[in-house]
Amino acid sequence: IFQLCEIPDGVIVKKSLSDDEKRNFMKQSGGSSTIVNERLRKTERILKEQNYNNSSPTVKSLQMTISEKPVETDGRVLPTTMLQMKNKGMTDCDIEPCEGEWNPRNHIFFHPAKLTSWAVFNYSRLLKQDQVMMFVKKLTKMAKERGCEMNLP
């Protein structure tokens with residue numbers, strides 16, 4: 001069963017969760033088999049009560065079918081990905097994440113990009129123009145530190 005996690009504006013997530021936080025997250029998000037089975041039964045009940053079966057005119061008009069059983073799939077945790085960069089001496093090196101993040105300080109990208117045309121759209125009523133410009137300046141500075149060419153928007 002897939003879960004959606006929304007992170008509120010202004011919250012910065014920089015590292016992976018501790019083992020206790022992961023257990024707590026799984027418990028609250030329905031990771032326990034009891035909660036998952038409960039949700040599954042509720043979904044099946046709603047499916048029957050709302051008469052969403054393959055003979056329904058709505059389902060037929062959409063040219064879709066609804067299975068009575070959920071899809072099952074195997075999953076696994078993927079191994080940590082190394083980030084390939086160059087150090088300041090231009091020697092190739094791999095950067096391994098530490099506490100859920102890569103630290104590319106004192107390194108440049110393996111194949112730095114050139115970004116000549118880009119834009120920033122600010123849809124927030126809370127951010128002022130000077131805050132957006134400060135973000136843009138920091139972003140372009142960090143890009144140049146990593147070997148990228150990045151014009152102002």
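Q: In which loop is Gln63 found?
A: This is a predicted model. Helix H3 covers 57-61, and Gln63 comes after that helix and before strand E1. The place of Gln63 is the loop between H3 and E1.

Q: Is Gln63 buried or exposed?
A: Exposed means over 50% relative accessible area. Gln63 has 76% relative accessibility, so Gln63 counts as exposed.

Q: What is the phi of Gln63?
A: Most residues other than glycine have a negative phi. Gln63 is a residue other than glycine, yet its phi is positive. The value is near 55°.

Q: Which loop residue between E2 and E3 has a positive phi of about 65°?
A: Strand E3 spans 107-109, and the loop in question lies between E2 and E3. Asn106 is found in that loop. The residue is not a glycine, but its phi is positive, at about 65°. The name is Asn106.

Q: Is Asn106 buried or exposed?
A: The cut-off for exposed is over 50%. Asn106 has a relative accessible area of 57%, so Asn106 is exposed.

Q: How many helices and strands does the chain have, and what pattern do they follow?
A: The secondary structure comes to four helices and five strands. Read along the sequence, the pattern is α-α-α-β-β-β-β-α-β.

Q: How many bridges join E1 to E2?
A: Strand E1 holds residues 83-87. Strand E2 holds residues 92-95. The two run antiparallel, and the bridges that join them come to four.

Q: Which residue in E2 stands opposite Leu83?
A: E1 and E2 run antiparallel. Across from Leu83, the residue in E2 is Ile95.

Q: Which residue in the hairpin of E1 and E2 takes a positive phi near 70°?
A: Four residues lie between the strands of this hairpin. The residue with a positive phi near 70° is Met90.

Q: Which side chains of E2 point to one face and are buried?
A: Side chains alternate along E2. Asp92 and Asp94 point to the other face and are not buried. The buried pair is Cys93 and Ile95.

Q: Is Lys86 buried or exposed?
A: Lys86 lies in strand E1. Buried means under 20% relative accessible area. Lys86 has 18% relative accessibility, so Lys86 counts as buried.

Q: Which residues are in contact with Lys86, leaving aside its neighbours within four places in sequence?
A: Two of the residues of E2, Asp92 and Cys93, belong to the list. His107 and Ile108 belong too, and E3 spans 107-109. In full, the contacts are Thr91, Asp92, Cys93, His107, Ile108 and Phe110.

Q: What separates the C-alpha atoms of Ser18 and Glu99?
A: Ser18 sits in the segment before helix H1 (19-29). At 35% relative accessibility, Ser18 counts as partly exposed. Ser18 and Glu99 are 81 residues apart along the chain. Their C-alpha atoms are separated by 9.3 Å.

Q: Which side chain meets Glu49 in a salt bridge?
A: Side chains of opposite charge can pair when their charged atoms come close. Glu49 has its partner four residues apart in helix H2 (residues 33-49), so about one helical turn separates them. The N to O value is 3.2 Å, and the partner is Arg45.

Q: Of Glu49 and Arg45, which is exposed and which is partly exposed?
A: Exposed means over 50%. Glu49 has 51%, so Glu49 is exposed. The other residue has 42% and counts as partly exposed: Arg45.

Q: Which residues are linked with Glu145 in a network of salt bridges?
A: Glu145 and Lys141 both lie in helix H4 (residues 129-145), four residues apart. Their closest N and O atoms are 3.3 Å apart. Glu145 also meets Arg146, at 3.6 Å, N to O. The residues linked with Glu145 are Lys141 and Arg146.

Q: Which member of the network of Lys141, Glu145 and Arg146 is buried?
A: Lys141 is exposed at 53%. Glu145 is partly exposed at 30%. The cut-off for buried is under 20%. With a relative accessible area of 11%, the buried member is Arg146.

Q: How many salt bridges does a search of the whole structure find?
A: Glu49 with Arg45 is one of them. Glu145 with Lys141 is also among them. The search of the whole structure finds four.

Q: What share of the residues of the chain count as buried?
A: The chain has 153 residues. Its accessible surface comes to about 13,800 Å², of which 54% belongs to carbon and sulfur atoms. The share of residues that count as buried is 12%.

Key: Residues numbered from 1 in each chain as written. Predicted model: local features only at pLDDT ≥ 70, side-chain atom pairs only at ≥ 80, totals over all residues. Heavy atoms only, no water. Buried < 20%, exposed > 50% of the residue type's maximum accessible area, 1.4 Å probe, protein only. Contact = heavy atoms within 4.5 Å. Pairing = 2+ DSSP bridges. Areas by Shrake-Rupley, 256 points an atom, 1.4 Å probe, with all protein chains shown as cover.
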